[in-house]
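Visitor: I should like to learn how to read a helix in the setting of its chain. Where should one begin?

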Amino acid sequence: ADAGLRAERTLLELMCFGLVPEGIVSEDKFENRDNRWLAQQLLAGKKPDALLVTTEDEARRKLLLEILSSEPKVAQDEAMQMVAECLECMRREWIEKRIAALKAEMSGAEPERKGSLLKEIMMLTNEKKSLGPGRKE
């Protein structure tokens, strides 16, 4: 789960620094509640420093402060590669959680439901394989 959260955070940093073109990222890609909120605000055109002034939620203010106090990790020309890696990592995390949930549901499922669960697990497993192994950290 840490890799997915780190990827979300990196993606938000890139968004805050204006390194992510419009139409590439949607808020529904973010699992973490505060990260999703910040993505929504940024996608709506709000500026990070203005959000810092208007946000009263302490966790969200802390998130903004941490992002704004960091420097972009990549140059403009490398940003799209970083965005792609973040989205891939976030998708891989989502797939792993979904497969775990499906496997848990399978143990108590009716026989006819097990077939559809197994099919979905296989589809997700294939998609995960197509994403590659991900980065070793």
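Visitor: Which residues of H5 are buried?

Guide: A residue counts as buried when its relative accessible area is under 20%. In this predicted model, the buried residues of H5 are Ala-79, Met-82, Val-83, Cys-86, Cys-89, Met-90, Arg-92, Glu-93, Ile-95, Ile-99, Leu-102 and Met-106. Arg-92 and Glu-93 are thus on that list together with Cys-86 and Cys-89.

Visitor: Against which helices do the buried residues of H5 pack?

Guide: Packing is read from contacts, that is, heavy atoms within 4.5 Å. The partners here are helix H1, residues 2–16, and helix H6, residues 111–131.

Visitor: How many residues does H5 have, and what span is expected for it?

Guide: H5 covers residues 76–106, which makes 31 residues. At 1.5 Å a residue, 45 Å is expected, and the distance from the first C-alpha to the last is close to that, at 46 Å.

Visitor: How many helices and strands does the protein chain contain?

Guide: The count is six helices and zero strands, and the order along the sequence is α-α-α-α-α-α. The C-alpha trace spans about 55 × 35 × 30 Å along its principal axes.

Visitor: What share of the contacts joins residues 24 or more positions apart?

Guide: Among contacts with a separation of 6 or more, that share is 63%. As for burial in the whole chain, 35% of the 137 residues count as buried.

Visitor: How many positive and negative side chains are there, and how far apart are the centres of the two sets?

Guide: There are 23 positive and 26 negative side chains, with the two centres 4 Å apart. Of the accessible surface, about 8,700 Å², carbon and sulfur atoms hold 53%.

Notes. Residues are numbered from 1 along each chain as its sequence is written. This is a predicted model: local features need pLDDT of at least 70, side-chain atom pairs count only at pLDDT 80 or more; totals for chains, interfaces and linings use all residues. Side-chain values use heavy atoms; hydrogens and water are left out. Helices (H or I, at least four residues) and strands (E, at least two) are DSSP runs, numbered from the N terminus. Buried means under 20% relative accessible area, exposed over 50%, partly exposed in between (1.4 Å probe, protein chains only). Accessible areas come from the Shrake-Rupley method with a 1.4 Å probe; for residues, only the protein chains shown count as cover. Lys and Arg count as positive and Asp and Glu as negative; His and the chain ends are not counted. The place of a charge is taken as NZ of Lys, CZ of Arg, CG of Asp or CD of Glu. The expected span of a helix is 1.5 Å times one less than its number of residues.
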